[in-house]
Amino acid sequence: MTTRAARSLSLFTMPSGVGFADAMAEKLLRDPSLGGRWQADNLADLTILLPTRRAVRALSEAFLRASEGRALLLPSIRPLGDVDEEELLLDPGTRFAEGALGAALPPAMDGLERQIVLTRLILKWGEVNPKAGIADPGQAAALAGDLGRFLDAVETEGVSLSELKDLVPHDYAENWELTLRFLQIVTAHWPGVLEERGLIDPAARRTMLLEAQTAAWEAKPPKGPVIAAGSTGSVPASARLLSLIARLPQGAVVLPGLDLDLEEEAWDAIGESHPQFGMKQLLVRLGAARDDVMPWPDAAGKGAARVRLLNEALRPAEVTDRWREMIAPLKQEMKDALRGLTLIEAQTPREEAAAIALIMRGVLETPEKTAALVTPDRALARRVAGELQRWDIRIDDSSGVPLADAPVFLFLRLLLHAFEEKFAPVALLALLKHPLAALGGEPGRFKADIRRLERALLRGPRPAPGMEGLRLALHAYEEERGQTAPALAALITQLEEAFEPLADLWTGESQPLKAVTERLITIAETLAAAKGASGAERLWAGEEGEAAAAFFAGLLEKAGEAPPVPPRGLRAFLESLALGRAVRPRFGRHPRLAILGPLEARLYQADCMILGSLNESVWPAETKVDPWLSRPMRRDLGLYSPERRIGLSAHDFIQAASGRETFLTRALKVEGAPAVPSRWLLRLESLLGGAGLSLPRDETWCEWAQEIDRPAGPPSPVAPPRPVPPLDARPDELSVTDTETLIRDPYALYAKKVLGLRVLEPLDNFAAARDRGIVIHKAMEAFMRAHPENLPEDIESALLEAGEAAFKAAPDRPEVTAFWKPRFAQIAAWAAEEEKKLREGVTRVHAECEGRMEIGGLKRPVKLSARADRIDERADGRLAILDFKTGFAPSAAQVESGFSPQLPLEAAIAEAGGFDGIGAKPAADLRYLRLTGGEKGGENRLITEEGALWAAEALAGLRALLASYESDTVPYLSRPRVQFTARFSDYDHLARVKEWSAAGAEGEGE
């Protein structure tokens, strides 16, 4: 039943599916008096309050469109959200002394200052409560951010913090008692902090401003008409102002998308997660019923079928049983509602982004037509913006980018990370390869210098920590090559000088925030300086640079409030402070295309609306657990439950999905896992399914998205490479391991020897297999050199001693030492027993022997070299040649067939007298000693006792093979004998093995 007070209200609703701003502008432009509701001769007489600054811009642009470019005086359009005193106090004659406050309001505390002060309080609380585990400033700053948002929620919803003490801890789990003690920071200490500084919280100031405006207008109503439009009154103070405006003689409130068709039973069942919950609460606060609300003039009926379908689909779950009786009467209306509504289900987010970009590109083919992507998924927004660039369409995400992801902020984070990692290769190169890094020179030339530094010093095992580690690595590099590298030395000197400001602070002890931050900025500007531009000019340029500069200026200004920060914790501290701050574009928006978040899309309607990422946990977002209060505690305190956000998000969905042409898009899989459709899509499908209908699908866009990057024709067949270098370019020096490569994969030898392509080791390479092999070989070499003729009395102890020395001298690889040192004890025990057998009939043992010989009978003699792990001189004048393996060892069949010719060729070199200090002697035993450190410790694998015979056959086979490559027409094939080829080769990517082998060309022989 409508009350007299309610009848005096002036309430309208702008139906969903109607362009809110355009409909309002068109009506008010034609009739500023709104049908004689008040006296207004022109627009300038009106005052219009809107929920956000973006809505203010949207309505201003709508007036310009409606006037078709004619000059006109616009109404006074003001935002209710994000207001300051000048924007909110609309009547210049209004003063706080005339309102409820009685005095000027204190200024609001800056958000950054509040987070820093709360961080200090949290750290002090952590010292008193060590069990809470709060000791790191970065962690405390993150908690301070959450605590600030909690304060804003409490102030916004008008809840008194003093009521926290009335929440009985024993009713809840023990951890909540600790939380309530923690919240004493804001109940017992925070009010005193604000009073001491003469400040108030931003949300509290906004509430006071709204209350002051309400009180001022109650005392002295404004002279001109006032319209409050688009607000849901979610802030109690704004709801009170809306209530006053609705009762003003020349006031009106326009609600967004109120459902006037929902029956009372369903209306009463609406809960916090329902899209109409905000409208319902606002009407309660206004003391009104839905009967008191009228459709905005000339807007009723537009898009009503779509709105009815969406509202029915999202009706409260408790009354969905009504679908049975209403589906039949509504079937034709549902069919009408589906016109212009399309569902697109892409396979992946990348395909979804490409399909959306194609839709938006297609919109531009129609003059003046507009399109907007509305999505809470910022990753999708970035993908779509990137896809549109293929047509040179530049479009910004109006939600902005997180400040922490801005290039200058990333540069500073990389700088701190490099310090934390003590200039480890990956962290150092990530910093120095950043586009902002130039170190005073030409950026391109500097990057070339960094690539030379990388190849020379940073590939392979990690250097020692710090700049001194780079110096040591440079010294080793110069010694290995027998020449100095002055350019690299000069570059390291430059880096040392650039990083010097933080060198004395990097002690691990906490330092004043201002000192550390100033030095950090000094280093960043030094690194960013380029020829012709200072570091500051490059670092703080553009919108993102300006935003970062403002952030750091505020940080330095408030740094005295901050607790001391350990330099190694500065990165986490800065990231926590930057969390939640975004850089929004000011310029560069496309005139007809937009990418919006749900908040930015409120009151906005394009000709083509695209709702992206309609998957559960994205839209609506996953309900976040309150870090401070449980659901019962929030309820007892008077705060809304987390489901309130779902209701707001559902309202945004209905508003955006009610346009004439609407696309609903989602990816079927995200990060390789099936994605669950949004609950709103499932509701729509359920309702439509009951009527024998379904959401219209259009696979064309996804098909085009798949085709857009596909080659125009079928891929050209790729044949295996057949390089045929001239004879004088073919190698004439080979090692015995090179011969095995020539047999198994000639192309790899071609790439290595003819092209001179050296394999780059990985950055920070943890070459466990190689390192363990080196250590074990060094230990066995030391033992053999110490006992070349006679074995010690305690062989095992001597082996262990040699192993201990080898592990001490090995690179700093804790993982290798921890795993293989115990295994070496197993190897030593096995080798001690095996050595007794191996030494029978042996006069002397040689370790790590260098050997060489020349293979004649060719157009160009080929020099063959080898490094034998062990050669035993026997009393019968023959040799035993042994090779140590810590991994795979070839079988006798592989050696005999010629695919693993290392040992037979070493025997051939020995027979030719190619090993120094041994003389020309025939070989007898050829064997592999596998030193695995397993249960048995090792394996003695005898290949043959007829080494001289196998040597002659291997040498003859090699000579014939080399002779075949003396023809300019014989190619170096890739993988000619697949069954004898390693699974991976360092040169497979150059040979394009995966391409031609997939085409069926694999296995081509010579």
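## A six-stranded parallel sheet

Strand E4 (residues 226-229) and strand E5 (residues 251-256) run parallel in this predicted model, joined by four bridges. To find the pairing by eye, start at Val226, whose bridge partner in E5 is Gly251.

These two strands belong to an open sheet of six strands, arranged in the order E3-E2-E4-E5-E1-E6 with parallel pairing. E3 and strand E6 (293-295) stand at the edges with a single partner strand each, so one side of each has no neighbour in the sheet. From one strand to the next, the twist averages 25°.

## The edge strand E3 and its crossover

Let us look at the E3 edge of that sheet. Strand E2 (residues 47-50) pairs with E3 in the parallel sense over four bridges, and Thr47 has Ser76 in E3 as its bridge partner. Between E2 and E3 the chain passes through helix H3 (residues 53-66), making a β-α-β crossover that is right-handed.

Which way do the side chains of E3 (residues 76-79) point? They alternate: Ile77 and Pro79 point to one face and are buried, while Ser76 and Arg78 point to the other face and are not buried.

## A five-stranded parallel sheet

Another open sheet is formed by five strands in the order E7-E13-E12-E8-E11, and its pairing is parallel. Its edges are strand E7 (341-346) and strand E11 (593-596); each has a single partner strand, so one side of each is left without a neighbour in the sheet. The twist here averages 15° from one strand to the next.

At the E11 edge, strand E8 (residues 371-374) runs parallel to E11, and four bridges join them. One place to see this is Leu373, which has Ile595 in E11 as its bridge partner.

## Loops with unusual backbone angles

The loop between helix H15 (349-363) and E8 contains Glu368. Phi of Glu368 is near 70°, a positive value in a residue other than glycine. Is Glu368 buried or exposed? Glu368 counts as exposed, at 71% relative accessibility.

The loop between E12 and H27 holds Ser617, another residue that is not a glycine yet has a positive phi, of about 80°. Ser617 is partly exposed, with a relative accessible area of 42%. Pro620 is also found in the loop between strand E12 (608-611) and helix H27 (631-637). A cis peptide bond joins Trp619 to Pro620, with omega at about 10°.

## Strand E18 and its partners

Strand E18 (residues 862-874) is largely enclosed by the rest of the structure, because ten of its 13 residues are buried. Which strands pair with E18? Strand E16 (residues 733-735) pairs with E18 in the parallel sense over three bridges, and Glu733 stands opposite Lys863. Strand E17 (residues 842-855) pairs with E18 in the antiparallel sense over twelve bridges; Cys849 has Ala868 in E18 as its bridge partner. Strand E19 (residues 879-885) is antiparallel to E18 and pairs with it over four bridges, with Leu879 in E19 as the bridge partner of Glu873.

Two hairpins are found here. The hairpin of E17 and E18 has six residues between the strands, and Gly857 takes a positive phi near 75°. The hairpin of E18 and E19 has four residues between them, and Gly877 in the turn has a positive phi of about 90°.

## Two crossing helices

Helix H37 (residues 902-911) and helix H38 (residues 947-964) have axes that come within 8 Å and cross at roughly 100°. The two helices are therefore roughly perpendicular to each other.

Which residues of H37 and H38 meet? From H37 come Pro904, Leu905, Ala907, Ala908 and Glu911, and from H38 come Gly947, Ala948, Trp950, Ala951, Ala954, Leu955 and Leu958. The residues of this contact divide into ten nonpolar, one polar and one charged.

## A buried leucine in H25

Leu577 lies in helix H25 (residues 570-578), and Leu577 is buried, with a relative accessible area of 0%. Which residues surround Leu577, leaving aside its neighbours within four places in sequence? Leu577 is in contact with Leu112, Gln115, Ile116, Ala141, Phe551 and Leu555. As for Arg308, which is 269 residues from Leu577 along the chain, the C-alpha atoms of these two residues are separated by 45 Å.

Methods: Residues are numbered from 1 along each chain as its sequence is written. Side-chain values use heavy atoms; hydrogens and water are left out. Buried means under 20% relative accessible area, exposed over 50%, partly exposed in between (1.4 Å probe, protein chains only). Two strands pair if DSSP finds at least two bridges between them. A crossover is right-handed if, with the strands pointing away from the viewer, the path from the first strand over the helix to the second runs clockwise. Axes are lines fitted to C-alpha atoms, for helices over the stretch in contact, and angles run from 0 to 180 degrees between N-to-C directions. Angles under 35 degrees count as roughly parallel, over 145 as roughly antiparallel, 65 to 115 as roughly perpendicular and the rest as oblique. Contact means heavy atoms within 4.5 Å. Ala, Val, Leu, Ile, Met, Phe, Trp, Tyr, Cys and Pro count as nonpolar, Asp, Glu, Lys and Arg as charged, and the others, Gly among them, as polar.
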